[in-house]
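Open the structure in your viewer and keep the sequence beside it. We will walk through it one selection at a time.

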Amino acid sequence: MATRFPAPRRNNDPHASLPPEGASAPLGRPGGRRIDLLVIHCSATPDGRWLWPADVDRWHRERGFRRQGEARRAYNPDFSSLGYHWLILPNGGRPSGRHPLEVGAHARARGANHRSLGLCLVGSGRYTAAAWEALADQVAFLCDKFKIPRRFAQASNGFTGVCGHRDLSPDRDGDGVVEPHEFVKTCPGFSVADWLAGGLEPLAGHVLEAVSA
Ligand SMILES: [Zn+2]
């Protein structure tokens, strides 16, 4: 059965939502900000269910997240709260939320919001081939654009690189490795370390094959 999803309505070009080359675009922070971490999330909604950025914006508004007025006026003013920089939709669309130079609201642990970009897959751990492809392309592009090492971000490298939200969980037993029993959340529902080690290919057991309406 063919997977059918609506076409994205806006900002589907991931490159269109990046600041121009050399721009400092302060957005309230002179000189912009240093970005050395990509954090992958999921929406924790049922796998295969469609989601619009406006839905996530509403949830984040209900949780009390608020964008700064200046940043909001400058970029995607329809979103008052949306904490991620991009969503990865089941059809491979990549609508943008916050501007890359705007601090997100997605990963408070380890002070990650201030130096990271947040990408949110729609689902809970199983994603369409189109979404996996979009995630790989977006991560590769952002690592190149912001000179972020394309490696798993963990304690030994100061959490610079790419990781899942759950990988930022506190290392409670202090052994330097965040182990599954220490995950405060399961987000994004798969091992980003395995995904990176496998060359950004869809992870076995995490591919959504067919979707019922
Ligand atoms: Zn998350």
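What follows is a friendly tour of a predicted model, stop by stop.

**Stop 1: the whole chain**

Begin with everything shown as a cartoon. The protein chain holds four helices and four strands. Reading from the N terminus, the elements come in the order β-α-α-β-β-α-β-α. The chain has 213 residues, of which 39% count as buried. How much of the contact between residues at least 6 apart in sequence joins residues at least 24 apart? The share is 65%.

**Stop 2: the sheet**

Now select the four strands together. They form an open sheet with the order E2-E3-E1-E4, and the pairing is parallel. Strand E2 (86–88) and strand E4 (161–164) are at the edges; each has a single partner strand, so one side of each has no neighbour in the sheet. If you turn the view, look for the angle between neighbouring strands: on average it is 25°, direction ignored. As background, strands of a sheet pair through backbone hydrogen bonds, in either a parallel or an antiparallel way.

**Stop 3: strand E1**

Select residues 37–42, which make up strand E1. Are its residues buried or exposed? Six of the six are buried, so E1 is largely enclosed by the rest of the structure. In a regular strand, side chains alternate between the two faces of the sheet. Here Leu37, Val39 and His41 lie on one side, Leu38, Ile40 and Cys42 on the other, and both faces are covered.

Next, look at the partners of E1. With E4 it pairs in the parallel sense over four bridges, and Leu37 sits opposite Gly161 of E4. With E3, also parallel, E1 is joined by six bridges. To see two places along that border, show Cys42, which stands opposite Leu121 in E3, and His41, whose bridge partner in E3 is Cys120.

**Stop 4: strand E3**

Move on to residues 116–121, strand E3. Six of the six residues are buried here, so E3 is largely enclosed by the rest of the structure. Show the side chains to see two sets: Ser116, Gly118 and Cys120 point one way, while Leu117, Leu119 and Leu121 point the other way. E3 also runs parallel to E2, and three bridges join them. One pair to pick out is Leu87 with its bridge partner Cys120 in E3.

**Stop 5: the loop after E3**

Select Gly123, in the loop between E3 and helix H3 (129–146). Gly123 is buried, with 25 other C-beta atoms within 10 Å. Now add Ala44 to the selection. How far apart are Gly123 and Ala44 in sequence and in space? They are separated by 79 residues in sequence, but by 5.5 Å from C-alpha to C-alpha. Leaving aside residues up to four places away in sequence, Gly123 touches Cys42, Ser43, Thr45, Asp47 and Gly48.

**Stop 6: helix H1**

Select residues 53–62 to bring up helix H1. Which of its residues are buried? They are Pro53, Val56, Asp57 and His60. These residues cover an arc of only 105° around the axis, which puts them on the same side of H1. Show E2 again as well, since the buried residues of H1 pack against E2. Just after H1, click on Gly64, where phi is positive at about 95°.

**Stop 7: backbone details in the loops**

A little background helps for this stop: most residues other than glycine have a negative phi, and most peptide bonds are trans.

- Select Arg110, in the loop between E2 and E3. Its phi is near 60°, a positive value in a residue other than glycine. Arg110 is partly exposed, having 18 other C-beta atoms within 10 Å.
- Select Lys147, in the loop between H3 and E4. Here too the residue is not glycine and phi is positive, near 55°. Lys147 is exposed, with 10 other C-beta atoms within 10 Å.
- Select Cys187 and Pro188. The peptide bond from Cys187 to Pro188 is cis, with omega near 10°. Pro188 belongs to the loop between E4 and helix H4 (192–197).

**Before you leave**

Return to the cartoon and find the sheet again, in the order E2-E3-E1-E4.

Methods. Residues are numbered from 1 along each chain as its sequence is written. This is a predicted model: local features need pLDDT of at least 70, side-chain atom pairs count only at pLDDT 80 or more; totals for chains, interfaces and linings use all residues. Two strands pair if DSSP finds at least two bridges between them. Axes are lines fitted to C-alpha atoms, for helices over the stretch in contact, and angles run from 0 to 180 degrees between N-to-C directions. A residue is buried if 20 or more other C-beta atoms lie within 10 Å of its own, exposed if 12 or fewer, and partly exposed in between; C-beta atoms are placed from the backbone. Two residues are in contact if their C-beta atoms, placed from the backbone, lie within 7 Å. The arc is that of the directions from the helix axis to the C-beta atoms.
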